[in-house]
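Here are some notes for a colleague who has not looked at this entry before. They are best read with the model open alongside.

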There are 4 protein chains.
Amino acid sequence: MDKGTAADIEMLEEALAGMVAPWVRALGLRVAEAHAGQVLLRLPVTPSLVHGGGVLCGQALMAAADTAMVLAVMTRLGGFKPMTTVQLQTSFLKPVPGSSAHAEVLARVLRMGKSLIFGEILMHTDTGDLAAHATTTYALL
Amino acid sequence: MDKGTAADIEMLEEALAGMVAPWVRALGLRVAEAHAGQVLLRLPVTPSLVHGGGVLCGQALMAAADTAMVLAVMTRLGGFKPMTTVQLQTSFLKPVPGSSAHAEVLARVLRMGKSLIFGEILMHTDTGDLAAHATTTYALL
Amino acid sequence: MDKGTAADIEMLEEALAGMVAPWVRALGLRVAEAHAGQVLLRLPVTPSLVHGGGVLCGQALMAAADTAMVLAVMTRLGGFKPMTTVQLQTSFLKPVPGSSAHAEVLARVLRMGKSLIFGEILMHTDTGDLAAHATTTYALL
Amino acid sequence: MDKGTAADIEMLEEALAGMVAPWVRALGLRVAEAHAGQVLLRLPVTPSLVHGGGVLCGQALMAAADTAMVLAVMTRLGGFKPMTTVQLQTSFLKPVPGSSAHAEVLARVLRMGKSLIFGEILMHTDTGDLAAHATTTYALL
């Protein structure tokens with residue numbers, strides 16, 4: 001799959017830089033690919049994200065999932081509109097080793113309703129294991 | 001309700017300082033109360049946690065919920081044992097205004113099984129509105 | 001707690017009889033209590049609901065949870081309005097023995113928004129153990 | 001994709017007939033395809049499953065999802081072992097019209113751990129629309 005248009009990726013990088021809370025921006029998420037309804041982010045596994053058990057903290061994965069889905073919705077809206085997360089359910093299948101370079105966070109819009117949007121986020125280790133799986137609902141305001 | 005024993009609160013504060021990933025520690029969570037199977041954390045609403053829409057970012061609430069539940073489990077185990085979050089489902093009922101002093105994060109163990117632990121987390125604004133509600137499963141390793 | 005008004009209970013029993021799919025009606029759910037935003041149903045544990053493992057099947061608990069929440073919403077709306085379940089998350093904490101007389105299904109509205117409604121359902125055995133816990137979102141159409 | 005071996009399909013049909021609670025059996029679920037870690041069931045949309053709003057009741061979809069996942073796990077275990085549903089989260093994306101012939105229920109094992117199993121269930125209308133999406137965790141006993 002190609003990476004998507006440079007314009008889309010730039011729009012999403014700007015949204016990351018301008019709209020996301022500074023604490024979430026500190027995750028260092030980067031837009032790797034962007035298509036209509038689908039966005040792939042890369043989450044660098046830095047020491048600040050690793051807990052005492054030596055693996056990437058689940059909180060970072062949930063935060064990345066939520067952020068990725070907002071961007072995936074933007075690719076369908078053609079830009080930002082006010083929206084809110086209604087619910088996010090995350091299952092943690094396999095730890096991401098703290099020694100990983102990054103985790104891959106792939107968000108997909110499953111259904112774009114008039115007011116409700118449904119999506120799914122797959123999070124993989126950089127060796128291709130499925131680490132976490134999230135489903136989510138957003139509401140346009 | 002009393003705050004719980006100072007020894008319990010100290011043990012949990014130490015776990016926050018020593019085991020939690022630095023990025024999560026940056027949330028500035030404080031243990032306000034601790035009882036067997038129940039922990040109340042306070043999450044300061046600082047500008048770094050507020051997104052472009054002017055409200056506390058949902059990612060901070062999910063991270064606080066997960067952290068609070070680990071501490072609530074510790075009050076039942078009498079200390080830390082290796083465990084992992086199996087799943088966490090969060091519903092976002094009402095935004096926490098960015099001008100709030102803090103959010104209250106109350107985690108309760110609903111069932112302590114031999115290997116699986118079920119819990120619930122209620123997150124309130126400092127004016128007493130229910131902002132978010134999470135349910136979660138942990139596995140002892 | 002008192003049982004609530006007979007008029008409310010009658011309205012909800014009629015909704016159960018008239019609107020619910022026949023297959024769900026076969027559960028034999030009865031309205032035990034009804035208050036504004038809260039409904040208690042009783043689910044008889046009959047042999048048709050018990051699976052090969054000798055316990056009440058989880059499918060019956062999920063179906064009862066969803067049904068109970070529709071009725072709890074009706075107590076807030078003062079009657080039926082078209083609505084749809086957006087999502088339902090159920091955790092199964094402890095099996096309900098097949099020899100039980102019934103399970104208790106308590107649905108509570110947590111937040112009544114203009115278009116979205118959030119709720120929680122607690123399911124107990126007839127000996128008072130928490131068997132299942134569900135959270136849910138509904139949308140008014 | 002081929003339908004899978006007749007032996008697998010027969011084993012799963014027998015499990016449906018012998019282990020599932022009679023009330024769930026009344027759904028009339030049929031095994032359409034079976035592969036290692038993946039099972040496709042067909043849920044006939046009969047009048048008994050349609051509620052007052054004229055669409056397939058969500059309770060039937062949740063029950064089918066849970067049942068399909070048990071069968072998908074069996075294809076990996078090579079038969080039945082005692083297991084329990086830990087949690088099931090279902091999102092309802094689009095109603096299944098009551099006039100449909102059937103809904104398709106595709107369950108996939110996402111991760112087979114030693115004690116915990118993670119899965120996903122996609123439910124489509126017979127015209128190919130995604131109607132519901134579930135994620136679930138099972139525990140081997």
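What is the mean pLDDT of chain A, and what share of its residues reach 70 or more?

1. This is a predicted model. Chain A has a mean pLDDT of 96, and 99% of its residues reach 70 or more. For the complex, the predictor gives an ipTM of 0.96 and a pTM of 0.96.

2. On the relation between chains C and D: a turn of 180° with a shift of 0.0 Å along the axis lays chain D on chain C, and the RMSD is then 0.0 Å. The two copies are therefore related as by a two-fold rotation axis. Within chain D, the C-alpha nearest that axis belongs to D:Q89, at 2.0 Å from it.

3. On the surface used: of the interface residues of chain D, 100% are also interface residues in chain C, so the copies meet through the same surface.

4. On the helix pair: helix α3 of chain C (residues 58-77) packs with helix α3 of chain D (residues 58-77) at an angle of about 155°, and their axes are 9 Å apart. Because angles over 145 degrees count as roughly antiparallel, α3(C) is roughly antiparallel to α3(D). The crossing of α3(C) past α3(D) is right-handed.

5. On the residues in that contact: α3(C) contributes C:G58, C:Q59, C:M62, C:A63 and C:D66, while α3(D) contributes D:G58, D:Q59, D:M62, D:A63 and D:D66. Sorted by class, the contact of α3(C) with α3(D) holds 4 nonpolar, 4 polar and 2 charged residues.

Key. Residues numbered from 1 in each chain as written. Chains lettered and ligands numbered in written order. Predicted model: local features only at pLDDT ≥ 70, side-chain atom pairs only at ≥ 80, totals over all residues. Least-squares fit on C-alpha atoms with pLDDT ≥ 70 in both. Contact = placed C-beta atoms within 7 Å. Axes fitted to C-alpha atoms, helices over the stretch in contact; angles between N-to-C directions. Helix = DSSP H or I, 4+ residues; strand = E, 2+ residues; numbered from the N terminus. Parallel < 35°, antiparallel > 145°, perpendicular 65-115°, else oblique. Left-handed = near helix turned anticlockwise from the far one by under 90°. Nonpolar A, V, L, I, M, F, W, Y, C, P; charged D, E, K, R; others polar. pLDDT = per-residue confidence, 0-100.
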